[in-house]
Amino acid sequence: MEIKGYRINLQQSMPFVILAVLLAALGILDRNFLSPQTLVNLLQQMAAVGVVSIGAMLVILTGGIDFSAGYGLAMIGMAAGAVYTKSPLAGSVPAMLVTFLGTGALLGLANGLLIAKLGILPFVATLAMMSLTQGLSLMIGGGSMMLLGGSPVLLIGQGKLGGVLPVSFLVLLGVCVTAAFLLYRTRLGVYIYAMGGNEDAARYAGIRIERYKIMTYVAAGICTGIASLLTVSYIAMATPSIYGTTLTDAIAATCIGGTSMSGGHGSVSGTFVGAVIIVLISTALTYLKIPAEMQDVFKGVVILLAVAFDALLNRKK
């Protein structure tokens, strides 16, 4: 689409248009909804969803999908909680942080090996890992919650810089900057887009598909680990049920953010805005006292519309 010599990418600009319309509508419905305190709470709530969304975007750009992030988040949290409360390293914050990141990387590595080395479809492989991580999250600690009251790690999820800006949001910004550098300034980023655009052509061009696909899933797993850290430190406990709607919200944010489900197209900025939109919608529906079951229906409709829009654009191309 072109307007007076300027080419407009509908897929990339749509998230920003949706956000502007949504903010305007909410401002008209209730001016108090967009108060500074509400906005600060939104930033804190979107941190974990945003980080998982970035990981999901990386995988989807290659033409894959990762359904293990939801229960994986819970499993990683339980593993880190067990290390911090029940292991010989009990009380060690560094050991806990290493567990979050290391377990996330191992989860991503397992997904990558199943998909790249064994040739299992991403949908099937990550669905199996989703079931596996669900079971592991219940096995670790016998399914009981692990309280982290008084732990210094809580500052990551609950702390605020200057008493205003959530530390967890700064972590999200750090993940976004790192992902942007990875995608736009490294060889891996070029190959991620190439694999999603046309994997066969990328293979014929000499790209080692298996290696870089595994690296992509490891990066996504690390994002899941960071999101688990943000969630556990925010609620001050590790429990098998902490995943909530994180996976659904992350996929919705990725779709709304303009990432093509067929791979090859997407951006960090769009995904970030998509995460803002999905958390803003969830908060607004709760604020307007919409029943929880209707909120899930609404999110499902949003995902369907985003995917349908992506399909229409691909068909047009």
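Which residues does Thr38 touch, not counting residues up to four places away in sequence? I looked this up before anything else and found that Thr38 touches Asn32 and Phe33, where contact means heavy atoms within 4.5 Å. I noted that Thr38 lies in helix H2, which covers residues 36–61; helices (H or I, at least four residues) and strands (E, at least two) are DSSP runs, numbered from the N terminus. Thr38 counts as buried because its relative accessibility is 18%, and the cut-offs I used are under 20% relative accessible area for buried, over 50% for exposed and partly exposed in between, with a 1.4 Å probe and protein chains only.

**Ground rules**

I remind myself that this is a predicted model, in which local features need pLDDT of at least 70 and side-chain atom pairs count only at pLDDT 80 or more, while totals for chains, interfaces and linings use all residues. Residues are numbered from 1 along each chain as its sequence is written, and side-chain values use heavy atoms, with hydrogens and water left out.

**Confidence**

I checked pLDDT, the predictor's confidence in each residue from 0 to 100, and the protein averages 88, with 96% of the residues scoring at least 70. Over residues 1–8 pLDDT stays under 50, and for this stretch the model has seven contacts beyond four places in sequence.

**The whole chain**

I recorded 13 helices and six strands in the protein. The radius of gyration, taken over C-alpha atoms, is 20 Å, which agrees with the value near 20 Å that a compact globule of 317 residues would have; the globule rule is 2.2 Å times the number of residues to the power 0.38. Along the principal axes, the C-alpha atoms fill a box of roughly 65 × 55 × 35 Å. Of the 317 residues, 49% count as buried. Among the contacts with a separation of 6 or more, 76% come from residues 24 or more positions apart.

**Tyr84 in helix H3**

I found Tyr84 in helix H3, residues 69–85, where it is buried, with a relative accessible area of 13%. Leaving aside neighbours within four places in sequence, the contacts of Tyr84 include Ala90, Val93, Met96, Leu148 and Pro152. I also looked up Tyr84 against Ile192, which is 108 residues apart from it along the chain, and their C-alpha atoms are separated by 36 Å.

**Met215 and Ala236**

How far are the C-alpha atoms of Met215 and Gly108 separated, given that these residues are 107 residues apart along the chain? I read off 8.3 Å for this pair, and noted that Met215 lies in helix H10, residues 209–235, and is partly exposed, with a relative accessible area of 36%.

I then followed the chain to Ala236, which is found in the loop between H10 and strand E6 (237–238). Most residues other than glycine have a negative phi. Ala236 has a positive phi of about 65 degrees although it is not a glycine, and with a relative accessible area of 17% it is buried.

**Ser282 in helix H12**

Is Ser282 buried or exposed? I have Ser282 down as buried, with a relative accessible area of 15%. Ser282 lies in helix H12, residues 268–287, and, leaving aside neighbours within four places in sequence, is in contact with Gln295 and Lys299.
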